[in-house]
Amino acid sequence: MHPQDQTIFALSSGRPPSAIAVVRVSGAQAGHVLESLAGRRAAPRVAVRAMLRDRSGDAIDDAVVLWFPGPKSATGEDVAEFHVHGSRAVLNTLFAALASFPGVRAAEPGEFTRRAFENGKIDLTEAEGLDDLIHADTDRQRRQALRQLQGLLGDRARDWRKQLIEASALIEAGIDFSDEGDVPGDLTAPALAKIAELRRQIEETLAASVQSERLRDGLTVAIAGPPNAGKSTLLNRLARREAAIVSPYAGTTRDVIEVHLDLDGYPVTLIDTAGIRETEDPIEQEGVRRARDRAASADLVLWLTDSDSDADLSSQIVRDGAVSVWRIRNKTDLLAAKIDGANPRQLKANLGQGASGVVFRISAARGDGVDDLLAAVTAFAGTWFGVGETAAITRLRHRSLLQEAAASLAKAGALAGQGDELIAEKLRISVHLLGVLLGRVDIEDVLDSIFRDFCIGK
């Protein structure tokens, strides 16, 4: 039996034990399963209380059931839902009862959402938005994913594709029916005007969403510096927990330690690295190598030292100027506590991707200046992400396809006067690329890659 002909089931709520668990069934056998277990098929979209019994008549649970006949359901197929008590024993018994029906099996990860996509309930960008919503850690990630799920990019792409098809039809008509008397003589000019406008819209969307896909992965901030400068103490202070081991001995941190923070809704990964110095210890050498690599790939480096006289070795890990570096003078409880050169509450206006050289004086152990440093990092994150309510692109896949489509439209415009057949071919390429973006062409490998990352039950 083809997988699409099989009826699938899965737990669609949180991990047991829980007060209530929702088990969803989708497919042609959903109605039969509901009648067999609940004794009747409920009215569409009406919650009904029923005693569930397996095929031998043994009671499973006192539950609430719902019936969603297709195509007016989440997947576009017949769907039944069982709201049962969320113990492992109840769920295991219900799963066994469901699996006993011929042609009914447990769902694979993402299979419910994939069926919704294949049945035209959502497009691929909306499916990706749902995946992002499931995995959102911060409020800003949630809001961006929700906009995507509601069709922010998909609606635009569908409109662009429709208009490109219309422009392509004008070009094709001029090619195929140039000898017909009732066909206007010049159809290329209005088509080229439409092409230029669509290219402008796509490029504007690309420009407005430069950083929005980064919100999915977050900002990476590396704490680097020489040994025993207080890097692990600062990490623990910012994380508000003992995430790293702190000791007075240099070289305690040997590996990279990561902590995930939510700063005003922005996802930030904070990294504590090994102290950078020359050493004969092979294990510490590996830690130093990893520290250099992670700091060089970070978006912001907090270069921590414990006195003004410490040598600044940050240039050894940041050579191309692409990474912002802030110099942090730690252990001011032993010196004078103050902040030099910048008001952290104004940093959002004047700190960008390339801003370096900012100097803070803090005491990681006592907390002096740490709140201002944290406020500055939060402001930096806001400038770095630069995500507006209209940002539509959230994945590299989106950006690459739209860049290719815009480039193809630019080539089509440049071919004016050189042959309508060449223009028509560039338009076909652009239409195809937008179809790939929406998932409306054969892209089986892309679909497999996207949906296998979903959780079971979605």
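Which residue in strand 5 does Arg24 stand opposite? Select Arg24 and look across to strand 5: the residue there is Glu81. Keep in mind that this is a predicted model.

**Whole chain**

Show the cartoon. The protein has 15 helices and 12 strands. Colour by burial next: buried residues make up 48% of the 458 residues. Then turn to the contacts with a sequence separation of 6 or more. Residues 24 or more positions apart account for 68% of them.

**The six-stranded sheet**

Start with strand 1, residues 7–11, and strand 2, residues 18–26. These two run antiparallel and are joined by 4 bridges. They form a hairpin, with 6 residues between the strands. Pick Phe9 and find its bridge partner in strand 2, Val25.

Now add strand 5, residues 79–86. Strand 2 and strand 5 run antiparallel too, joined by 8 bridges. The opening pair, Arg24 and Glu81, belongs here.

Widen the selection to the full sheet. It is open, has 6 strands and mixed pairing, and follows the order 3-4-5-2-1-6. Which strands stand at the edges? Select strand 3 (48–53) and strand 6 (104–106). Each has a single partner strand, so one side of each is left without a neighbour in the sheet. Sight along the sheet: the twist averages 30° from one strand to the next.

Two helices pack on this sheet. Select helix 1, residues 30–38. Helix 1 touches strand 1, strand 2, strand 3, strand 4 (59–68), strand 5 and strand 6. Its direction makes about 80° with that of strand 3. Then select helix 2, residues 88–99. Helix 2 also packs on the sheet, with strands 1, 2, 3, 4, 5 and 6 among its contacts. Its direction makes about 150° with that of strand 5.

**An enclosed helix**

Move to helix 4, residues 124–134. Why is helix 4 described as largely enclosed by the rest of the structure? Because 9 of its 11 residues are buried. Show them as sticks: Leu124, Thr125, Glu126, Ala127, Glu128, Gly129, Leu130, Asp131 and Asp132. Note that the buried set includes Glu126, Glu128, Asp131 and Asp132.

**The largest nonpolar core**

Next, select Leu219, Val221, Leu234, Trp326, Ile328, Ile362 and Leu373. These residues have the most contacts inside the largest nonpolar core, a set of 32 residues. Add the elements that each supply at least two residues of this core: strand 7 (219–224), helix 9 (231–239), strand 8 (257–263), strand 9 (266–272), strand 10 (300–305), strand 11 (324–329) and helix 12 (370–385). Which helix gives the largest share of the core? Helix 12 does, with 9 residues.

Zoom in on Leu373. Leaving out residues up to four places away in sequence, Leu373 touches Leu234, Trp326, Ile328, Phe360 and Ile362.

**A helix pair**

Finish with helix 13, residues 396–414, and helix 14, residues 420–438. Their axes come within 8 Å and cross at roughly 165°. That angle makes helix 13 roughly antiparallel to helix 14. The crossing is left-handed.

Show side chains at the interface. From helix 13, pick residues including Arg397, His398, Leu401, Leu402, Glu404 and Leu409. They belong to a set that meets helix 14 residues, among them Ile423, Lys426, Leu427, Ser430, Leu433 and Leu437.

How values were computed. Residues are numbered from 1 along each chain as its sequence is written. This is a predicted model: local features need pLDDT of at least 70, side-chain atom pairs count only at pLDDT 80 or more; totals for chains, interfaces and linings use all residues. Side-chain values use heavy atoms; hydrogens and water are left out. Two strands pair if DSSP finds at least two bridges between them. A nonpolar core is a set of buried Ala, Val, Leu, Ile, Met, Phe, Trp, Tyr and Cys residues joined through side-chain atoms within 4.5 Å. Buried means under 20% relative accessible area, exposed over 50%, partly exposed in between (1.4 Å probe, protein chains only). Contact means heavy atoms within 4.5 Å. Axes are lines fitted to C-alpha atoms, for helices over the stretch in contact, and angles run from 0 to 180 degrees between N-to-C directions. Angles under 35 degrees count as roughly parallel, over 145 as roughly antiparallel, 65 to 115 as roughly perpendicular and the rest as oblique. A crossing is left-handed if the near helix is turned anticlockwise from the far one by less than a right angle, and right-handed if clockwise.
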